Amino acid sequence: MNLILDCLLCLTLMKLSWDDVRFHRVYLTDLTGLCVLALMTMKPKALEEWTVMVSLIMGLALIAHLKKAMGSGDLPVILSMGLTMRLLEWLNALSLAAILALLVMMIKKKAIHEELPFVPYLSCGWLVIYLIRLRLIFS
């Protein structure tokens, strides 16, 4: 059952990525489905992990609001990723997503202020960490 939910979560992330790249928007119905799936596959966490994770998400939300640096779909995806992973996995997935996005920006020679759909990179980060957890890669 867990594998089925994880596959549905992955498919939802791919749909969100497609919408973000193609239409530069993420639909509320898809985000709602993602959050429900994330809650269903939620990993147990210690209070310290929740505190750090919520603090980081609040910081990201503040920066995104003040700088208009993130789209409206990025934070719910980051939150959903946090529900399905342990703290260290979540931080690794976010770091991987940021590194991938920076590499693409460098390869395409985009300016730092240009729009870049971030949900696909978040999805890639989640998928790589998920596959590492299953020991399908780097085993």
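Let's start with the surface. The accessible surface of this protein comes to about 8700 Å². Carbon and sulfur atoms account for 72% of that area. Please keep in mind that this is a predicted model.

Staying with the outside for a moment, look at charge. There are 13 positive and 10 negative side chains. The centres of those two sets lie 4 Å apart.

Now the overall dimensions. The C-alpha trace spans about 40 × 30 × 30 Å along its principal axes. Does the radius of gyration agree or disagree with a compact globule? It agrees: the protein has 15 Å, and a compact globule of 139 residues would have a value near 14 Å.

Next, the fold. The count is six helices and zero strands. Reading along the sequence, you get α-α-α-α-α-α. Now take contacts between residues at least 6 apart in sequence. Of these, 68% join residues at least 24 apart.

On to the inside. Of the 139 residues, 38% count as buried. As a general point, nonpolar side chains in soluble globular proteins tend to be buried together. Here, the largest nonpolar core has 30 residues. Which residues have the most contacts inside it? They are Leu16, Val77, Ile78, Met81, Trp90, Leu122 and Trp126. And which helices supply this core? At least two residues come from each of helix 1 (2-23), helix 2 (28-40), helix 3 (47-67), helix 4 (74-84), helix 5 (87-107) and helix 6 (119-133).

Pick one core residue, methionine 81. Set aside its neighbours within four places in sequence. Methionine 81 is then in contact with Trp90, Ala93, Leu94, Leu122 and Trp126. Three of those names, Trp90, Leu122 and Trp126, were also in the list of residues with the most contacts inside the core.

Methionine 81 is also one of the buried residues of helix 4. So let's look at that helix. Why call helix 4 largely enclosed by the rest of the structure? Because nine of its eleven residues are buried. The buried set is Asp74, Leu75, Val77, Ile78, Ser80, Met81, Gly82, Leu83 and Thr84.

One name in that set deserves a stop: aspartate 74, found in helix 4. Aspartate 74 has a relative accessibility of 7%, so it counts as buried. Beyond its sequence neighbours within four places, aspartate 74 is in contact with Asp20, Phe118, Val119 and Leu122. Now compare sequence and space. Aspartate 74 and valine 26 are 48 residues apart in sequence, and their C-alpha atoms are 8.7 Å apart.

Asp20 comes up again with our next residue, proline 117. Where is proline 117? In the loop between helix 5 and helix 6. Is it buried or exposed? Buried, because its relative accessibility is 16%, and the cut-off for buried is under 20%. Leaving out neighbours within four places, proline 117 is in contact with Asp20, Val21 and His24.

Two distances help place proline 117. Glycine 71 is 46 residues away along the chain, with the C-alpha atoms separated by 8.0 Å. Leucine 56 is 61 residues away along the chain, and there the C-alpha separation is 21 Å.

A word on glycine 71 itself. Glycine 71 sits in the loop between helix 3 and helix 4. Its relative accessible area is 40%, so it is partly exposed.

Back to helix 1, which holds serine 17. Serine 17 counts as buried, because its relative accessibility is 9%. Not counting residues up to four places away, serine 17 touches Val119, Pro120 and Ser123. Val119 was also on the contact list of aspartate 74.

Last stop: backbone angles. Histidine 24, which we met as a contact of proline 117, lies in the loop between helix 1 and helix 2. Its phi is near 55°, a positive value in a residue other than glycine. Lysine 109 also has phi near 55°, positive in a residue other than glycine. Where is lysine 109? In the loop between helix 5 and helix 6. And is lysine 109 buried or exposed? Exposed, because its relative accessible area is 74%.

To wrap up: six helices, zero strands, a 30-residue nonpolar core, and a helix 4 largely enclosed by the rest of the structure.

Note on methods:
Residues are numbered from 1 along each chain as its sequence is written. This is a predicted model: local features need pLDDT of at least 70, side-chain atom pairs count only at pLDDT 80 or more; totals for chains, interfaces and linings use all residues. Side-chain values use heavy atoms; hydrogens and water are left out. Helices (H or I, at least four residues) and strands (E, at least two) are DSSP runs, numbered from the N terminus. The radius of gyration is taken over C-alpha atoms; the globule rule is 2.2 Å times the number of residues to the power 0.38. Buried means under 20% relative accessible area, exposed over 50%, partly exposed in between (1.4 Å probe, protein chains only). Contact means heavy atoms within 4.5 Å. Accessible areas come from the Shrake-Rupley method with a 1.4 Å probe; for residues, only the protein chains shown count as cover. Lys and Arg count as positive and Asp and Glu as negative; His and the chain ends are not counted. The place of a charge is taken as NZ of Lys, CZ of Arg, CG of Asp or CD of Glu. A nonpolar core is a set of buried Ala, Val, Leu, Ile, Met, Phe, Trp, Tyr and Cys residues joined through side-chain atoms within 4.5 Å.
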